2 protein chains.
Amino acid sequence: MSKKILIIGGVAGGASAAARARRLDETAEIIILERGPHISFANCGLPYHISGEIELREALLLQTPESFKKRFNVDVRVQNEVLAINKEEKFIHIQNTLTNEKYTETYDVLILSPGASPFIPPISGINNHLTHSLRNIPDMDAIMASIEQNKPLHATVCGGGFIGLEMAEALRHHKIDVTLVELAPQVMAPVDIEIANMLHDELEAHHVELKLGKALKEVALCEETDRTLSLTLNDGTQFQTELLIIAVGVKPETSLAMKAGLEIGELGGIRVDESMRTSDPSIFAVGDAIETLDFVTGQAMLAPLAGPANRQGRLAANVIFGTTESYKKTQGTAICKVFGLAVASTGLNEKTLMRKGMAYEKVYVHAASHAGYYPGAHPVTLKLLFNPYTGAILGAQAVGKEGIDKRIDIISVAQRAGLSVFDLQDLELCYAPPFGSARDVVNQAGLVASNVMKGDEFIFHTESLNCLSEQQILLDVRTEAEVDKMGMIPGAINIPVDELRSNLFKLDQSKDIFVYCQVGVRGHVAARLLTNLGYTVKNMTGGFKTWKLVTR
Amino acid sequence: MSKKILIIGGVAGGASAAARARRLDETAEIIILERGPHISFANCGLPYHISGEIELREALLLQTPESFKKRFNVDVRVQNEVLAINKEEKFIHIQNTLTNEKYTETYDVLILSPGASPFIPPISGINNHLTHSLRNIPDMDAIMASIEQNKPLHATVCGGGFIGLEMAEALRHHKIDVTLVELAPQVMAPVDIEIANMLHDELEAHHVELKLGKALKEVALCEETDRTLSLTLNDGTQFQTELLIIAVGVKPETSLAMKAGLEIGELGGIRVDESMRTSDPSIFAVGDAIETLDFVTGQAMLAPLAGPANRQGRLAANVIFGTTESYKKTQGTAICKVFGLAVASTGLNEKTLMRKGMAYEKVYVHAASHAGYYPGAHPVTLKLLFNPYTGAILGAQAVGKEGIDKRIDIISVAQRAGLSVFDLQDLELCYAPPFGSARDVVNQAGLVASNVMKGDEFIFHTESLNCLSEQQILLDVRTEAEVDKMGMIPGAINIPVDELRSNLFKLDQSKDIFVYCQVGVRGHVAARLLTNLGYTVKNMTGGFKTWKLVTR
Ligand SMILES: Cc1cc2nc3c(=O)[nH]c(=O)nc-3n(C[C@H](O)[C@H](O)[C@H](O)COP(=O)(O)OP(=O)(O)OC[C@H]3O[C@@H](n4cnc5c(N)ncnc54)[C@H](O)[C@@H]3O)c2cc1C
Ligand SMILES: Cc1cc2nc3c(=O)[nH]c(=O)nc-3n(C[C@H](O)[C@H](O)[C@H](O)COP(=O)(O)OP(=O)(O)OC[C@H]3O[C@@H](n4cnc5c(N)ncnc54)[C@H](O)[C@@H]3O)c2cc1C
Ligand SMILES: CC(C)(COP(=O)(O)OP(=O)(O)OC[C@H]1O[C@@H](n2cnc3c(N)ncnc32)[C@H](O)[C@@H]1OP(=O)(O)O)[C@@H](O)C(=O)NCCC(=O)NCCS
Ligand SMILES: CC(C)(COP(=O)(O)OP(=O)(O)OC[C@H]1O[C@@H](n2cnc3c(N)ncnc32)[C@H](O)[C@@H]1OP(=O)(O)O)[C@@H](O)C(=O)NCCC(=O)NCCS
C-alpha cells in the first residue's frame with residue numbers, strides 16, 4: 001500500500017524531503033503544507049536582493065507549487081498553516097490562511113521542517129512598522145518597501161551574526177548610514193574575537209558604526225513623523241534611526257512539536273535520533289527546528305544552516321523508504337561575506353573549547369591566498385585549533401579577501417575524515433601561481449601545529465605578554481624598517497633575524513627568549529636557531545599581526 | 001661532530017632541504033651547488049613574467065645567495081656545476097662555470113635536487129636561435145629578448161602541457177598569433193579528452209590555432225632573414241613562424257646519478273625509498289629528478305610538481321637529522337590557468353585506468369560554482385572516477401571559470417584520507433550564496449556516484465549511444481525550448497520531464513529507456529520516475545552537455 005506523507009514546511013528541509021521521497025516512490029501521496037506564500041525559496045539570497053546585487057526577485061524562487069507539482073507530483077499547499085498534530089490518531093489540523101477554512105489531513109508519516117523563527121527580544125516598543133526581521137520573502141518585501149517608501153538615511157541593525165552583517169552591507173549598498181548594535185564584544189559569534197576584529201575594521205572602513213557590547217533596551221516610535229525611531233541602549237545612549245532590523249538570532253520552531261508532546265532537547269530544538277526520527281516513530285523532523293550532535297563533542301547543538309537542512313530532508317525520505325542511514329553529525333561549517341572580506345569557520349572555536357574545559361592548542365598562520373609574486377594575492381588569516389595530545393583537529397577559522405572558503409573546506413574535510421594536524425602538512429593541493437602556493441596556507445598551518453606537537457617549536461600567545469618577568473627577554477626579529485613603520489610590542493628588543501648570529505652576545509643565555517616577528521615564520525627561524533644553540537625559546541604564534549588583532 | 005651536507009640544485013627541493021636542515025641544526029656545514037645564476041626562484045612564475053602579468057623580474061627571485069646566507073648561514077655557490085659524484089669516497093667534482101676552475105668537495109650527506117630538463121626531441125634543425133624551452137630565468141630572459149628584438153607576429157608552441165599552455169597564453173598577451181602543435185589528440189594530458197575539449201574551445205576562442213594529433217618533424221631557419229623558421233609537421237603541413245617554444249615535457253636530470261651508479265627507476269627517475277634515500281645510504285634525492293609512488297596504484301610515477309619537491313626536500317632534511325618519516329605517495333594534484341578557465345585534477349584519469357585495466361566507473365556533474373541566483377556563478381564541470389565495487393575515489397578532474405581549485409582540493413583531501421564517494425555526499429562545505437551552494441558540486445558528485453553504487457541509478461555513457469538497438473529508446477527529457485536551441489542526440493525522442501507522467505503511453509514498457517537531459521539532474525528525476533513504474537532505465541551521466549564535450 002502506498003504511503004501518505006505530510007510535510008510541514010516547504011523550503012530547504014521540507015522541499016528536499018519531498019523531492020527525494022518522490023524519487024524513491026512514485027505512488028506515495030506527498031503533501032507539503034507551507035504557511036507562507038512560497039516554497040523552495042532561497043532564504044540565503046534575501047539580503048542580496050535587498051542590496052540589489054540579485055536583481056530579479058524571481059531568481060529567489062527556485063520552485064513554485066506548480067513547478068513542484070509538475071516535476072514531482074507533490075501536492076503543495078501554500079498559505080496552509082498546520083495548527084496542531086494529533087500523533088495518537090495520526091492526523092493534523094490545518095488552516096488555509098487565505099480562506100480561514102480549517103481542515104484535517106491524516107498521515108502515515110509526518111515530516112516536520114518548520115525551520116526557526118527570528119528571536120525578537122522582549123523590548124518595549126519593538127513592535128512597530130519600522131522594525132523588521134528577515135526570514136522569508138514577505139519579510140524581504142516589507143524591508144524593501146520600507147526603504148523605498150521612507151528612504152531612510154539611517155538604519156540600525158541589532159545583531160552581528162550572519163544575517164545582521166549581510167543586512168548591514170545590504171543597507172550600505174543603498175547608501176544608508178548604518179549602526180550595528182551587538183551585545184557581545186564581537187560580531188560573528190562562530191569565530192573568536194581576534195578574527196572578528198578584522199571584520200570590525202572592515203565594517204568601520206565601510207562606514208558601519210559599531211556599538212559592541214551594547215544591548216538595545218528601548219524603542220520608541222516618534223509619533224509626529226511616524227518615520228523615526230528613538231533607540232535606547234543599555235548604557236543609556238540614545239539615537240534616532242529610521243529602520244530597525246532585528247537579527248539577534250533564531251530559535252527553533254517547536255510550537256507544533258511541543259503541543260504534540262514530542263521530545264524537545266536541552267537546547268530547545270526538537271530531539272531526533274540519528275535517522276531524524278522524533279520521539280514518535282511516525283514523525284520525523286529536520287532542519288533548523290532540530291538539535292543534532294556536534295561533530296567534535298558529540299553533544300547536542302543547534303545548526304541553523306542550509307546544507308544540513310537539505311541533507312537531513314533527504315535522509316528522512318531515505319529512512320522512510322527503508323534505508324538504514326544515519327546523520328553524520330554537524331561541524332557547523334559556515335561562511336559569510338562582509339564587504340570585501342570572507343569569514344568562515346568549521347568545528348569548535350576557542351571560546352567554546354574554553355567554556356567546555358577541553359584541552360586545546362592554537363596556531364595562527366597569515367599567508368598569501370596564492371603565490372605572492374602573482375598579482376592579486378591577499379593574506380589569508382587562519383587560526384587552527386587542535387588537541388595538544390593527539391593532534392586531532394578541533395576547529396578552524398579564516399578571514400581574508402580570497403580563498404577563505406577553500407581553506408575552511410579543506411580543513412572541514414580533513415576534520416570529518418579524522419585527519420590530524422600532521423596530515424595537514426602533506427595534503428596535496430592545487431598549485432599554480434594564480435591559485436595557491438607550493439606550500440599552501442593549510443600545509444603551513446599543519447607544519448606549525450606539527451612542530452608544536454613534536455616539541456620542535458614552543459609557542460606562546462599574546463596573553464603571556466602581560467606576565468613576562470625580568471628573567472624573560474621579548475625579542476622582535478623583524479627588520480628595522482618594519483619596526484619603524486609599525487612599532488614594537490612594549491618591552492621588546494629588536495634584533496632582525498638575519499643579524500641574529502652576529503648579535504648573540506646581546507642575548508643572555510640564562511634568560512628565556514620570547515621571540516616574535518610579523519607573522520611567525522621568521523620567529524620560527526630565530527627560535528630554531530636559538531634553540532639549537534641551547535637557549536630556551538618560545539615563538540609567538542601568528543606574530544605581531546596576531547598581536548595587533550588581539551589587542552585591537 | 002657536525003655534519004657536512006652538500007646539496008646539488010638550489011631551487012624548490014634543494015633550497016627547502018637547506019632551509020630545513022639549518023632549522024634542525026645550527027652547526028652543520030651546508031653548501032648548495034647550483035649551476036645556474038639563481039637559487040630559490042619561482043619557476044612557476046616564469047610564464048607570467050613573460051606575459052607581463054608579473055611586472056617585476058625581481059619578484060621571481062625569492063631568495064638570493066646573499067639573503068640565504070644571512071638567514072640560514074648556508075654557503076650558496078651559484079654558477080657551480082657538479083660534474084661527478086664519487087660515492088665510494090664521498091666527494092664531488094665541481095666546476096665554477098664563471099672561472100672554469102674545477103675543485104672537489106667532500107660530504108657526509110649529499111642531497112640531489114637537480115630537477116628535470118626540458119625534453120628536446122631530436123628533430124632536424126631544432127637547434128637555432130629562434131627556438132627556446134623554458135625552465136629557468138636565463139631561458140625566460142632569452143624568450144623575452146627574442147620577443148623584444150624580433151617582434152614576432154607569429155609563434156609556435158610545441159606541446160600542450162602546463163608550460164605549453166601557459167606560454168601560448170603569455171604570447172597572446174603580446175598579441176602574437178600562436179599555433180599550438182600537440183602530438184596527442186588533446187592538450188593537458190592529466191585530464192581526459194572530453195575535459196580537455198573545453199580547453200580546446202577556450203584556446204580557439206582566444207585565437208590560438210590548434211594542431212592536435214600532429215608532430216613537429218622538421219625545423220628550418222630561413223637563412224635570408226634569420227628571423228623566420230619554416231616548420232614541417234608529420235602530416236606534411238608546412239608553415240612559417242618567428243618563435244618556437246618547445247614544451248613537450250621534461251625528463252628527470254639523472255646524468256650525475258647514473259654516472260655515479262645510483263639506481264634509476266623504470267620511468268627514468270632516480271630511485272629512492274620512502275625516506276628519499278637513494279641506493280647509496282649517504283645520498284638523498286628529491287624533486288623532479290626522482291620517482292615516487294602513485295597514491296592510487298602504489299606504482300612508480302614521475303610527478304614534476306613544486307609541492308612534492310618542497311615536501312621531499314624538507315623530508316630529506318628531517319631524515320638526515322634523525323626522524324623516521326616517510327613520504328606519503330603522490331596524487332599528482334595539479335592545476336593550470338588557460339585564459340579564462342582553470343583546469344585541475346587529482347589521482348588517476350580515465351585513460352590511465354583503462355591502460356592499467358583497473359575497474360572504474362565515472363560520473364559527471366555540471367553545477368554552479370556558487371548559488372546560481374547570486375551574480376557571477378559559472379558552471380563547474382566535474383568528472384569523478386571511482387572504484388565501482390568499493391566506492392573508493394580513484395581520481396577527479398574539473399574545469400571552469402571559478403572554484404575549480406577548491407573542488408579538486410576537497411576531493412584530493414578526501415582521497416588522501418581514504419574517504420569514499422559515499423562520504424562526499426555528506427561533506428560539510430562552506431555555504432553562502434557568493435561562495436557555494438547548499439549542496440556543493442562535490443556533494444552532488446557524491447550523491448550521483450553513491451546512487452550508482454547502490455543501484456539507485458543505472459547510468460550509461462555517451463559511448464553506448466553508438467550501439468543502441470531497436471529494443472532501446474533514447475529519451476530526451478529537456479524542454480522543447482532547449483531542444484530547439486541546442487538540438488537533440490540523433491535518434492532521440494523528446495518528452496520534457498515535467499510532462500512525463502502524462503505521456504507514459506508513448507514509452508513501450510518492454511523496451512529499455514536511455515534517458516538524458518542537459519546535465520543529468522532531470523534525467524535522474526525521469527529515470528527514478530520510470531524505474532519506480534517498472535521500466536528498465538539508464539540515465540546518461542552528465543547529459544547533453546557531456547555528450548557535446550565528448551563529441552566535439
Ligand atoms: C536571510 C537568511 C540568510 C541565510 N543565509 C544562509 C547562508 O548563507 N548559509 C546557510 O547555510 N544558511 C543560511 N540561512 C539559513 C537557512 O536558510 C536555513 O538553515 C534553512 O532554510 C533551514 O531549512 P528549514 O527547512 O529547516 O527551514 P526553512 O527553510 O525556514 O523552512 C521552514 C518553513 O516552514 C514553514 N512553517 C513553519 N511552521 C509552519 C506551520 N505550522 N505550518 C506550515 N508551515 C510552517 C515556514 O513558513 C517556512 O517557510 C539563511 C537564512 C536566512 C533567513
Ligand atoms: C615554466 C614552469 C612552470 C611551472 N609551473 C608549475 C606550477 O604551476 N605548479 C607546479 O606544481 N609546478 C610547476 N612547475 C614545476 C616546478 O617548478 C618543479 O616541479 C620544481 O621546481 C622542482 O623542483 P626541483 O628542486 O626538483 O628542481 P628545480 O626547481 O628545477 O631545481 C633544480 C636545480 O638544479 C640545478 N642543477 C641541475 N643539475 C645540476 C648540477 N649538475 N650541478 C648544479 N646544479 C644543478 C638546476 O640548474 C636547477 O636550478 C613549473 C616549472 C616550470 C619550468
Ligand atoms: C530546490 C529543491 C527542491 C531541490 O531539491 P532536490 O531535487 O532534492 O535537489 P537538487 O536539485 O540539488 O538535486 C539533487 C538530486 O539530483 C541528483 N543529481 C544531481 N546532479 C546530478 C547529475 N549530474 N546526474 C544525475 N543526478 C544528479 C542527486 O543525486 C539528487 O538526487 P537524489 O536525492 O535522488 O540522489 C530544494 O533544494 C529546495 O527547495 N531548495 C531551496 C531552499 C533552500 O535550500 N534554501 C536554503 C538555501 S538558499
Ligand atoms: C624560499 C624557500 C627557500 C623557502 O623554504 P622554507 O623556509 O623551508 O619554506 P617557507 O618559507 O615556506 O617556511 C616554512 C617554514 O616556516 C614555518 N612556518 C610557516 N608559517 C609559520 C608560522 N605562521 N609560524 C611559525 N612557523 C611558520 C614552517 O613550519 C616551516 O618550518 P619547518 O620546516 O622548520 O617546519 C623555498 O621554498 C624555495 O626556494 N622556494 C622557491 C622555489 C620554488 O619553490 N619553486 C617552485 C614553486 S614556484
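**Figure 1. Surroundings of ligand 1 in the predicted model.** Ligand 1 has 31 residues around it. A:Gly13, A:Glu34, A:Ser113, A:Arg135 and A:Asp288 come nearest. The ligand lies between chains A and B. By class, its shell holds 18 nonpolar, 8 polar and 5 charged residues. Four elements of chain A, namely α1, β2 (29-34), β4 (80-86) and α8, each supply at least two residues of this shell.

**Figure 2. Polar contacts of ligand 1 with A:Ser113, A:Arg135 and A:Ala306.** A polar side-chain atom of A:Arg135 sits 2.7 Å from an oxygen atom of ligand 1. The side chain of A:Ser113 places an N or O atom 2.8 Å from a ligand oxygen. A:Ala306 takes part through its backbone: one of its N or O atoms there lies 2.9 Å from an oxygen atom of ligand 1. On its own, ligand 1 has 990 Å² of accessible area, and the protein covers 95% of this.

**Figure 3. Ligand 3 between chains A and B.** The residues around ligand 3 number 33. Those that come nearest are A:Arg20, A:Arg23, A:Ser40, A:Arg314 and B:His524. The shell divides into 19 nonpolar, 9 polar and 5 charged residues. Its largest share comes from α1(A), with 6 residues.

**Figure 4. Polar contacts of ligand 3 with residues of chains A and B.** An N or O atom in the side chain of A:Arg23 is 2.7 Å from an oxygen atom of ligand 3. Chain B contributes backbone atoms. A backbone N or O atom of B:Tyr364 is 3.3 Å from a nitrogen atom of the ligand. For B:Val519, the backbone N or O atom lies 3.4 Å from a ligand nitrogen. Ligand 3 exposes 960 Å² when taken alone, of which the protein buries 91%. Elements that give two or more residues to the shell come from both chains: α1, α3 and α8 of chain A, and β23 (361-368), α12 (441-454) and α14 (521-532) of chain B.

**Figure 5. The shared site of ligand 4.** Residues from chains A and B surround ligand 4, so the site is shared between chains. There are 33 residues around this ligand. A:His524, B:Arg20, B:Arg23, B:Ser40 and B:Arg314 come nearest. By class, the shell has 19 nonpolar, 9 polar and 5 charged residues. α1(B) gives the most to the shell, with 6 residues. Chain A supplies at least two residues from each of β24 (361-368), α12 and α14. Chain B does so from each of α1 (12-24), α3 (65-72) and α8 (306-320).

**Figure 6. Polar contacts of ligand 4 with A:Arg439, B:Arg20 and B:Asn43.** The side chain of B:Arg20 brings an N or O atom to 2.6 Å from an oxygen atom of ligand 4. From chain A, the side chain of A:Arg439 has an N or O atom 2.9 Å from a ligand oxygen. B:Asn43 faces a nitrogen atom of the ligand instead, with a polar side-chain atom 3.0 Å away. The protein buries 91% of the 970 Å² that ligand 4 exposes taken alone.

**Figure 7. The interface of chains A and B.** In this view, 78 residues of chain A are in contact with 78 residues of chain B. The two chains bury about 7100 Å² between them, and 57% of that area is on carbon and sulfur atoms. A:Arg71, A:Tyr373 and A:Glu428 supply 12% of the area that chain A buries against chain B, more than any other three residues.

**Figure 8. Salt bridges and polar contacts between chains A and B.** The count of salt bridges between the two chains is 14. One of them joins A:Arg71 and B:Asp498, with the closest N and O atoms 2.8 Å apart. Across the interface, 36 residue pairs are in polar contact, both residues at pLDDT 80 or more. On chain A, the elements that each supply at least two residues to the side touching chain B are α1 (12-24), α3 (65-72), α8 (306-320), β22 (334-338), β23 (341-347), α10 (404-416), α12 (441-454) and α14 (521-532). α10(A) gives the most to this side, with 9 residues. By class, the side of chain A that touches chain B has 38 nonpolar, 14 polar and 26 charged residues.

Terms used: Residues are numbered from 1 along each chain as its sequence is written. Chains are lettered from A and ligands numbered from 1 in the order in which they are written. This is a predicted model: local features need pLDDT of at least 70, side-chain atom pairs count only at pLDDT 80 or more; totals for chains, interfaces and linings use all residues. Side-chain values use heavy atoms; hydrogens and water are left out. Contact means heavy atoms within 4.5 Å. Buried area is the accessible area (1.4 Å probe) that two parts lose on being put together, summed over both. A salt bridge is a side-chain nitrogen of Lys or Arg within 4 Å of a carboxyl oxygen of Asp or Glu. A polar contact is a pair of N or O atoms within 3.5 Å; within protein, one must be able to donate a hydrogen and the other to accept it, and residues adjacent in sequence count only if both atoms are side-chain atoms. Ala, Val, Leu, Ile, Met, Phe, Trp, Tyr, Cys and Pro count as nonpolar, Asp, Glu, Lys and Arg as charged, and the others, Gly among them, as polar. A residue is near a molecule or strand if one of its heavy atoms lies within 4 Å of it. Accessible areas come from the Shrake-Rupley method with a 1.4 Å probe; for residues, only the protein chains shown count as cover.
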